[in-house]
Amino acid sequence: MSGDKSIYTQDTSNNAATMFFIPNTNQLWSQDVFKPTAYFEATKLASEAGIQPTRMCLLQAASNVDSTGHRVITPWRATESSEWIQADGVHITEVGAMTMFQTADCAAVGVYDKRTKTSLFYHCGRPAGMPIDGRSIMTDALDRMAPDGDFDQLEIVVCGMICGAHFPHESGLGRIQADAYLNEYGPDVFSDVQTRSLDMKKVLIKVHTKRGLSPNQITFFGPTCTYDDPDSISHRQSLVANTPRDRANSVVWIHR
Ligand SMILES: [Zn+2]
């Protein structure tokens, strides 16, 4: 890749899929004005990663439950210049495919199936991870990857999130959503239950082990907390500081 030390990389065990986390990048494609830049930067990245520039997908993840594409997982397809897909995830069934989205505190999750050689790459913030009748984008992804319930062949890599201590929910919609986690998973998924300080890493482990996966099937990499990491962009930090945020972290999933 570009040799930048701040790029974090994690392969699946057989190198069949790789996730890159690139902190502090421009809003490449979420605003019209950046469209040409987005296309150029993404094709450059694809080319450096050995992927045909025509085989990349720009995803615009949903920021809340009202956003277009919230909790939507769609079949992967290449996006054209000045185009992106509004969804939280893509299901990839062909090799040689690159997918990118931007995030600032929300987890990026890649699921790879060693048996079928398919993968699923998704954005998992508090809204999409919130359990409704026990279901969330995490369980949706598992069921889509392995409808037969055979999860033994899955490898999961996760990057990019805020830690529990920096993610309290003391009021408003956030509190209501955090309560849904409390009701479904109990106090264990909070670093402090009183302030509803939600630990999404613990949530991810809880959800997957509840479905019978081993914790060994999940790998966390990259910065331990985007709020704390001086190189990463944090949505929560911008909110607390009341400063506008025009950058995010880019995550890239390459299915080889
Ligand atoms: Zn933190």
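Begin by selecting G212, the residue with a positive phi, near 100 degrees, that follows helix α5; helices here (H or I, at least four residues) and strands (E, at least two) are DSSP runs, numbered from the N terminus. The model you are looking at is predicted, so local features need pLDDT of at least 70 and side-chain atom pairs count only at pLDDT 80 or more, while totals for chains, interfaces and linings use all residues. Residues are numbered from 1 along each chain as its sequence is written.

Step back next to α5 itself, residues 200–210, and colour its buried residues, which are M200, K201, V203, L204, V207 and H208; a residue is buried if 20 or more other C-beta atoms lie within 10 Å of its own, exposed if 12 or fewer, and partly exposed in between, with C-beta atoms placed from the backbone. Looking down the axis of α5, you will find these buried residues within an arc of 160 degrees, so they line one face of the helix; the arc is that of the directions from the helix axis to the C-beta atoms.

Now select the open sheet, in which 6 strands follow the order β1-β2-β14-β7-β3-β5 with mixed pairing, where two strands pair if DSSP finds at least two bridges between them. Its edge strands, each pairing on one side only, are β1 (8–11) and β5 (85–86). Inspect β3 (residues 56–60) beside β7 (residues 97–103), a parallel pair over 3 bridges, and notice L58 opposite M100 in β7.

Finish at D133, in the loop between α2 (126–129) and α3 (137–145), which has a positive phi of about 50 degrees although it is not a glycine. D133 is exposed, with 6 other C-beta atoms within 10 Å.
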